[in-house]
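Visitor: Please take a close look at one part of this model, residue by residue. Start from a single side chain and its surroundings, then go on to other parts as they come up.

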Amino acid sequence: MSSRTFFVGGNWKMNGDKKSLGDLITTLNTASLNDETEVVCGAPTVYLDFARSNLDARIGVAAQNCYKVAKGAFTGEISPVMIKDCGVEWVILGHSERRHVFGESDELIGQKVAHALESGLGVIACIGEKLEEREAGTTEEVVYAQTQAIADNVKDWSKVVLAYEPVWAIGTGKTASPEQAQEVHEKLREWMKANVSEAVADSVRIIYGGSVTGANCKELGSQNDVDGFLVGGASLKPEFVDIINARA
């Protein structure tokens, strides 16, 4: 396996309350977690402070979105400086729900990535094709274009985790097979080598998202170019501990 540190992100999305998230936090704090895996939980904005105050220090916290400037008349938005003020070090950007439910463009996501990195946040940058794009054979074209918009805005790749999430597999119960995930991850790494640098291609973590569960995480995590997971629904359940320990 590579020397890249395995990374498991939990994206809680718009779920939970202080009671249920408090119970989940207790489960995570008391669980035996693989020391060699980096763990980050993406909490809803209103619970960022709550999550950071209550989660064990070994577990990171991420916001699920932010805007491209530090402050201003942008009702409903939050900025990286506000996220950092809550003690939070990460942000998830470009998630397919932001792209397809809220209409965020590649260009806007790139601008957000640039500002978040300039502000000192780590970025979990998401890419992935829709079912019709996979069926039309344009998977590579789509994810390369999305990755280009991100890469154009990154100076320091050590602060970036790339999350490949085929949209057809998110919350559907359909998972890319380990072979399908490995194929796209390997091609993304080749793209990085050709378009960014060989050093970045070797060091950047490319994680998989899309119906990851305790049952399929070990096989997915054994693939050479799969450096971890971005977990949705299962990150709200005790099985998240099994996913964190996929390589234990």
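Guide: In this predicted model, V200 belongs to helix 9, the run of residues 198-203. The relative accessibility of V200 is 14%, which is under the 20% limit, so V200 counts as buried. Setting aside residues up to four places away in sequence, V200 touches W157 and M192. A reference to another part of the chain is E97: V200 and E97 are 103 residues apart in sequence, and their C-alpha atoms are 27 Å apart.

From there, turn to F7, which is found in strand 1. F7 has a relative accessible area of 0% and is therefore buried. Which residues is F7 in contact with, leaving aside its neighbours within four places in sequence? The list runs to E38, V40, W90, I124, V161, R205, I207, D227, G228 and F229.

One of these contacts of F7 is W90, which lies in strand 4, residues 90-93. W90 has 10% relative accessibility, so W90 also counts as buried. The C-alpha atoms of W90 and L24 are 19 Å apart, with their positions 66 residues apart in sequence.

Another contact of F7 is F229, and F229 leads on to the aromatic pairs. How many aromatic pairs does the structure hold? There are six. A pair of aromatic rings is described by the distance of the centres and the angle of the planes. For F6 and F229 the ring centres are 5.6 Å apart and the planes stand at 85°; that angle is over 60 degrees, so the pair is edge-to-face. F6 lies in strand 1 (residues 6-11) and F229 in strand 8 (residues 228-231), so the pair ties together parts that are 223 residues apart in sequence. F6 is buried, with a relative accessible area of 3%. F229 is buried as well, at a relative accessible area of 0%.

The rings of Y67 and F74 have their centres 4.9 Å apart and their planes at 45°, so this pair is tilted. Are Y67 and F74 buried or partly exposed? Y67 has a relative accessible area of 17% and is buried, whereas F74, at 37%, is partly exposed. A further aromatic ring has a charged partner: R98 lies over the face of F102, at 4.2 Å from the ring centre.

Returning to F7, a reference point elsewhere is E118: the two are 111 residues apart in sequence and 22 Å apart in space, C-alpha to C-alpha. E118 is found in helix 5. With 60% relative accessibility, over the 50% limit, E118 counts as exposed. E118 and N153 are 35 residues apart in sequence, and their C-alpha atoms are 9.9 Å apart.

Helix 5 itself packs against another helix. Two packed helices are described by the angle between their axes and the distance between the axes. The axes of helix 5 (residues 106-118) and helix 7 (residues 139-151) come within 8 Å and cross at roughly 35°. The crossing of helix 5 with helix 7 is right-handed. Which residues make the contact? On helix 5 they are D106, G110 and V113, and on helix 7 they are A145, Q146, A149 and I150. By class, the residues of this contact divide into four nonpolar, two polar and one charged.

Two loop residues with unusual backbone angles remain. K13 sits in the loop between strand 1 and helix 1 (18-30). The phi of K13 is near 55°, a positive value in a residue other than glycine. K13 has a relative accessible area of 19%; the limit for buried is under 20%, so K13 is buried. The second is S211, in the loop between strand 7 (205-209) and helix 10 (217-221). S211 is not a glycine either, yet has a positive phi of about 60°. At 17% relative accessibility, S211 counts as buried.

Terms used
Residues are numbered from 1 along each chain as its sequence is written. This is a predicted model: local features need pLDDT of at least 70, side-chain atom pairs count only at pLDDT 80 or more; totals for chains, interfaces and linings use all residues. Side-chain values use heavy atoms; hydrogens and water are left out. Axes are lines fitted to C-alpha atoms, for helices over the stretch in contact, and angles run from 0 to 180 degrees between N-to-C directions. Helices (H or I, at least four residues) and strands (E, at least two) are DSSP runs, numbered from the N terminus. A crossing is left-handed if the near helix is turned anticlockwise from the far one by less than a right angle, and right-handed if clockwise. Contact means heavy atoms within 4.5 Å. Ala, Val, Leu, Ile, Met, Phe, Trp, Tyr, Cys and Pro count as nonpolar, Asp, Glu, Lys and Arg as charged, and the others, Gly among them, as polar. Rings of Phe, Tyr and Trp (its six-membered ring) pair if their centres lie within 6.5 Å; planes under 30 degrees apart count as stacked, over 60 as edge-to-face and the rest as tilted. Buried means under 20% relative accessible area, exposed over 50%, partly exposed in between (1.4 Å probe, protein chains only). A charge sits over a ring if NZ of Lys or CZ of Arg is within 6 Å of the ring centre and within 35 degrees of the ring normal.
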